[in-house]
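Here is a short note to read with the model open beside it. Take the points in order and find each residue as it comes up.

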Amino acid sequence: MHLPHSTLKQEFVKKWIMGLQRCKFSNKNMSIFERKKAIKLSADTAMASARKGLTCWSRALISTPDRSAVPTTTRRASLACKKIVKRSRRIRRTAKCGAARKRQITRSIAQCLVWKRTQILKSLIPGGEFMNEVCLIEETLDYITSLRVQVDVMRSLASASVRASEPHN
Amino acid sequence: MSSRRSRQSAAGVSRISDDQIIELVSKLRQLLPEIRDRRSDKVSASKVLQETCNYIRSLHREVDDLSERLSQLLATIDADSAEAAIIRSLIM
């Protein structure tokens with residue numbers, strides 16, 4: 001499943017150019033905002049399709065390209081986390097605070113943090129809500145690699161465009 | 001300890017196990033400079049998750065900024081240089 005950086009980059013560039021050509025930038029009536037949306041959408045689609053359906057996040061991204069449409073679970077996460085912390089405080093108040101109790105409380109707060117941050121991570125990865133923890137970790141690594149390729153290529157195109165727009169002396 | 005774990009899974013709240021976190025840390029170490037520079041092998045699970053989330057959010061922001069920049073640059077790519085011609089022929 002893991003592709004070398006250069007192969008992934010080539011796939012992304014190929015697919016992105018195809019997508020950009022369809023955007024019809026020669027149409028001068030496009031607003032900057034519309035153009036930005038088109039660039040972003042084509043970049044995300046290219047990034048996802050470069051994985052050729054091998055990862056969950058790429059399939060999820062292609063089926064819901066508008067990231068803002070993906071619901072986040074952070075509100076539920078913070079409510080559940082508050083319950084766990086309240087429970088730990090109650091234990092601390094009612095029980096005698098020996099060393100074992102203190103360890104238990106620390107542990108439950110740590111578990112709460114892990115759980116809460118796992119939920120946040122799930123909301124950041126496309127399709128993350130439906131993944132179990134093992135899948136989430138693998139998908140996260142692949143997603144980060146693909147995002148770095150995307151940023152790399154976009155930066156190169158931006159600097160090439162800057163050079164191309166410079167007046168010749 | 002086993003009763004706590006079974007209580008957790010009964011409630012539907014599962015947590016990432018230590019082995020999986022160790023695997024994640026070793027791979028993320030190459031990707032995240034904050035964790036790579038840290039000498040100790042013991043990085044807490046919640047810290048790794050937090051750094052990962054922050055990194056992904058910063059990458060998303062960068063893609064957004066680059067899209068905006070590209071949208072302005074490509075709008076004005078009318079120049080007569082060879083590079084402009086190449087870019088125009090590639091994507092327009």
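1. **A cysteine pair to check.** Start with Cys135(A). Its sulfur has its closest cysteine sulfur in Cys56(A), 4.0 Å away, and that is too far for a bond. The view from Cys56(A) agrees: the closest cysteine sulfur is the one in Cys135(A), at 4.0 Å, again too far for a bond. A disulfide needs the two sulfur atoms within 2.5 Å. The count of disulfides over all chains is therefore 0. As a reminder, a disulfide is a covalent bond between the sulfur atoms of two cysteines. Cys56(A) is partly exposed, with a relative accessible area of 28%. Keep in mind that this is a predicted model.

2. **The plan of chain A.** How many helices and strands does chain A have? It has 6 helices and 0 strands. Along the sequence the pattern reads α-α-α-α-α-α. Chain A has 169 residues, and 43% of them count as buried. Now take the contacts in chain A between residues at least 6 apart in sequence. Of these, 62% join residues at least 24 apart.

3. **A stacked ring pair.** Over all chains there are 2 aromatic pairs. Phe12(A) and Trp16(A) have ring centres 5.6 Å apart and planes at 25 degrees, so this pair is stacked. The cut-off for stacking is under 30 degrees. Both residues sit in helix α1 of chain A, which covers residues 5–22. They are 4 residues apart, or about one turn of the helix. Are these two buried or exposed? Phe12(A) is buried, at 1% relative accessibility. Trp16(A) is buried as well, at 3%.

4. **A salt bridge within one helix.** The count of salt bridges over all chains is 10. One of them links Glu11(A) and Lys14(A), with 3.3 Å between the closest N and O atoms. These two residues are 3 apart in helix α1 of chain A, so about one helical turn separates them. Glu11(A) is buried, with a relative accessible area of 12%. Lys14(A) is partly exposed, at 47%. The pair also belongs to a network of salt bridges, in which Glu11(A), Lys14(A), Lys15(A) and Lys52(A) are linked.

5. **A salt bridge between distant parts of the chain.** Look next at Arg51(A) and Asp142(A). Their side chains meet in a salt bridge, 2.6 Å from N to O. The pair links distant parts of chain A, with the two positions 91 residues apart in sequence. Arg51(A) is in the loop between α2 and α3 (56–63), while Asp142(A) is in helix α6 (residues 133–165). Arg51(A) is buried, at 2% relative accessible area. Asp142(A) counts as buried too, at 10%.

6. **Salt bridges between the chains.** How many salt bridges cross the interface of chain B and chain A? The rule finds 4. In one of them, the side chains of Lys40(A) and Asp64(B) meet at 3.4 Å, N to O. Lys36(A) and Glu68(B) also form a salt bridge, at 3.4 Å, N to O. Lys36(A) lies in helix α2 (residues 32–49) of chain A and Glu68(B) in helix α4 (residues 45–75) of chain B, so this pair joins two chains. Lys36(A) is buried, with a relative accessible area of 13%. Glu68(B) is partly exposed, at 35%.

7. **The interface as a whole.** The contact takes 48 residues from chain B and 47 from chain A. Together the chains bury about 4800 Å² between them, with 69% of it on carbon and sulfur atoms. Three residues supply 11% of the area that chain B buries against chain A: His60(B), Leu70(B) and Ile91(B). No other three residues supply more. Polar contacts between chain B and chain A number 8 residue pairs. Which helices of chain B each supply at least two residues of the side that touches chain A? They are α1 (2–10), α2 (18–31), α4 and α5 (82–91). Of these, α4(B) gives the most, with 25 residues.

Key: Residues are numbered from 1 along each chain as its sequence is written. Chains are lettered from A and ligands numbered from 1 in the order in which they are written. This is a predicted model: local features need pLDDT of at least 70, side-chain atom pairs count only at pLDDT 80 or more; totals for chains, interfaces and linings use all residues. Side-chain values use heavy atoms; hydrogens and water are left out. Rings of Phe, Tyr and Trp (its six-membered ring) pair if their centres lie within 6.5 Å; planes under 30 degrees apart count as stacked, over 60 as edge-to-face and the rest as tilted. Buried means under 20% relative accessible area, exposed over 50%, partly exposed in between (1.4 Å probe, protein chains only). Contact means heavy atoms within 4.5 Å. Buried area is the accessible area (1.4 Å probe) that two parts lose on being put together, summed over both. A polar contact is a pair of N or O atoms within 3.5 Å; within protein, one must be able to donate a hydrogen and the other to accept it, and residues adjacent in sequence count only if both atoms are side-chain atoms.
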